[in-house]
Amino acid sequence: MDRVAPPGWTTKGVEVIHTIDWTGEPHQLACAKERHESGDVGLFEPLSGRFVLRLPEQADRLYVADVSGDWREEILVLNGTELHVYSNAAPNPRPDRSRLWSDRNYRRLKQAHNYYSP
């Protein structure tokens, strides 16, 4: 983490890691929060660990879902009693693609909230 995390990110690493369709391109990024604390949220490339976005937060919980329906996913952060939603403001490169909720497997994955669910 010392080599790839943004300055000020905890040395403990990341947790609550979700894949995320953020860019609208075929590759996915990973979304995570600071480990063992209510902290910032970041997007990073899974293979290199390079952070591409850092959101200053006090994230108690972190979720990722296609809320806007454009098949790209948004970041949902529970900060105390507030819900913060972050979306990619860049134009969607594939606007004709169906929303993710139309996929049965996507719906099932979003219903599983623990590591041990099949």
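**Two sheets, a ring cluster and a few salt bridges**

Ring pairs tie W9, F44 and F51 together into a cluster. Pairing here is for the rings of Phe, Tyr and Trp (its six-membered ring), and the centres have to lie within 6.5 Å; planes under 30 degrees apart count as stacked, over 60 as edge-to-face and the rest as tilted. Across the structure there are three aromatic pairs. Another aromatic, W71, has company of another kind: the charged end of R97 sits over the ring of W71, 4.0 Å from its centre. For that label, NZ of Lys or CZ of Arg must be within 6 Å of the ring centre and within 35 degrees of the ring normal.

A word on what is being read. This is a predicted model, with residues numbered from 1 along each chain as its sequence is written. Local features need pLDDT of at least 70, side-chain atom pairs count only at pLDDT 80 or more, totals for chains, interfaces and linings use all residues, and side-chain values use heavy atoms, with hydrogens and water left out. As for pLDDT, that is the predictor's confidence in each residue, from 0 to 100. The protein averages 90, and 95% of the residues score at least 70. Among the elements, strand β7 (residues 82-86) has the highest mean pLDDT at 98, while helix α1 (residues 104-111) has the lowest at 86. Helices (H or I, at least four residues) and strands (E, at least two) are DSSP runs, numbered from the N terminus. Where pLDDT is low, the predicted coordinates should not be read in detail.

Now to the sheets. Four strands make an open sheet in the order β1-β2-β3-β4, with antiparallel pairing. Its edges are β1 (14-20) and β4 (51-59), each of which pairs on one side only. On average, neighbouring strands of this sheet are turned by 20° against each other, direction ignored. The axes behind that angle are lines fitted to C-alpha atoms, for helices over the stretch in contact, and angles run from 0 to 180 degrees between N-to-C directions. Strands count as paired if DSSP finds at least two bridges between them.

Within this sheet, β1 and β2 run antiparallel and are joined by five bridges. On the other side of β2 (residues 29-34), strand β3 (residues 39-44) pairs with it in the antiparallel sense over four bridges. C31 stands opposite L43 in β3. The hairpin of β2 and β3 has four residues between the strands, and H36 there takes a positive phi near 65°. Six of the six residues of β2 are buried, so this strand is largely enclosed by the rest of the structure. Buried means under 20% relative accessible area, exposed over 50%, and partly exposed in between (1.4 Å probe, protein chains only).

K33 is a handy residue to follow through the sheet. Its bridge partner in β3 is V41, and K33 in β2 is also the bridge partner of E15. The side chains of K33 and E15 meet as well, in a salt bridge (3.2 Å, N to O). That pair links distant parts of the chain, with K33 in strand β2 and E15 in strand β1, 18 residues apart. K33 counts as buried because its relative accessibility is 3%, while E15, at 22%, counts as partly exposed.

The search of the whole structure finds five salt bridges, each being a side-chain nitrogen of Lys or Arg within 4 Å of a carboxyl oxygen of Asp or Glu. One of them joins R54 to D40, with the closest N and O atoms 2.7 Å apart. Here too distant parts of the chain are linked: R54 is in strand β4 and D40 in strand β3, 14 residues apart. R54 is partly exposed, at 27% relative accessible area, whereas D40 is buried at 11%. D70 and R72 form another salt bridge (3.0 Å, N to O). In this pair D70 is partly exposed at 22% and R72 is buried at 6%.

The second sheet is also open, with three strands in the order β5-β6-β7 and antiparallel pairing. Edge strands β5 (61-65) and β7 each pair on one side only. Its neighbouring strands, direction ignored, are turned by 20° against each other on average. Strand β6 (residues 74-79) runs antiparallel to β7 and is joined to it by five bridges. L76 stands opposite V85 in β7.
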